[in-house]
Amino acid sequence: MKILMILASEDFRDEEYNIPRAYWEKNNADVMTASTVPVSKGMLGTTVENDLLLDEVKEGDFDGIFWVGGGGAAQYGDNQTAKNLTKKFISAGKPVGAICISPRNFLKWGILTGKKCTCWNGDQAFGPLAQKAGAIYEPKPVVVDGKILTAEGPESAEEVAVEFLELFE
């Protein structure tokens, strides 16, 4: 099983990367990273040398994709490559996950319309945004709808790791 983790160039949330990756690798997943830059920097100091640049990623090379959150994840909201790549994974019936701020990109890309979802909601804005976009906001740490997993933030990283892996069964 090959999982691709997408990181912001800067200010990704370290725990949302480190905890799932460690769990998935412990459970025999091959994990690779991609971003718009060769080296990504986390909010708490984690530095990751990415395996690929985002525009080099081919959906067919991976079994699932996971978008790490943190303030920097907003950089992908208007990124057409990111949007198209995620839609290819969904069309292929592969697991797609997003945590923290990353589900807001999913919302913007129209892939949560009619779907149950969650997101970091510290500013209380996600619920109304989700409703306006036709999504069904559930204020829970992790929400799964079909092969799409969304999660609130770093405190849900362990649950995310377990539940995302279950989507491959």
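Two worked exercises on a predicted model follow.

The model is predicted: local features need pLDDT of at least 70, side-chain atom pairs count only at pLDDT 80 or more, and totals for chains, interfaces and linings use all residues. Residues are numbered from 1 along each chain as its sequence is written, and side-chain values use heavy atoms, without hydrogens and water.

**Exercise 1.** Place N105: is N105 buried or exposed, and which residues is N105 in contact with?

Solution.
- Step 1. Locate N105. N105 lies in helix 3, residues 102-108. Helices are DSSP runs of H or I, at least four residues, numbered from the N terminus; strands are E runs of at least two.
- Step 2. Check accessibility. N105 counts as buried because its relative accessibility is 6%. Buried means under 20% relative accessible area, exposed over 50%, partly exposed in between (1.4 Å probe, protein chains only).
- Step 3. List the partners. Beyond its neighbours within four places in sequence, N105 is in contact with A73, A74, Y76 and G77. Contact means heavy atoms within 4.5 Å.
- Step 4. Look at G77. The N105 side chain reaches the backbone nitrogen of G77 at 3.3 Å.

**Exercise 2.** Which strand runs parallel to strand 12, and which pairs with strand 12 in the antiparallel sense?

Solution.
- Step 1. Take the parallel side. Strand 8 (residues 96-99) is joined to strand 12 by four bridges. V96 stands opposite I148. Strands pair if DSSP finds at least two bridges between them.
- Step 2. Take the antiparallel side. Strand 11 (residues 142-145) pairs with strand 12 over four bridges. V142 stands opposite A151.
- Step 3. Inspect the turn. Strands 11 and 12 form a hairpin with two residues between them. G146 in the turn has a positive phi of about 65 degrees.
- Step 4. Check the faces. In a regular strand, side chains alternate between the two faces of the sheet. In strand 12 (residues 148-151), I148 and T150 are buried on one side, L149 and A151 on the other.

Note on methods: A polar contact is a pair of N or O atoms within 3.5 Å; within protein, one must be able to donate a hydrogen and the other to accept it, and residues adjacent in sequence count only if both atoms are side-chain atoms.
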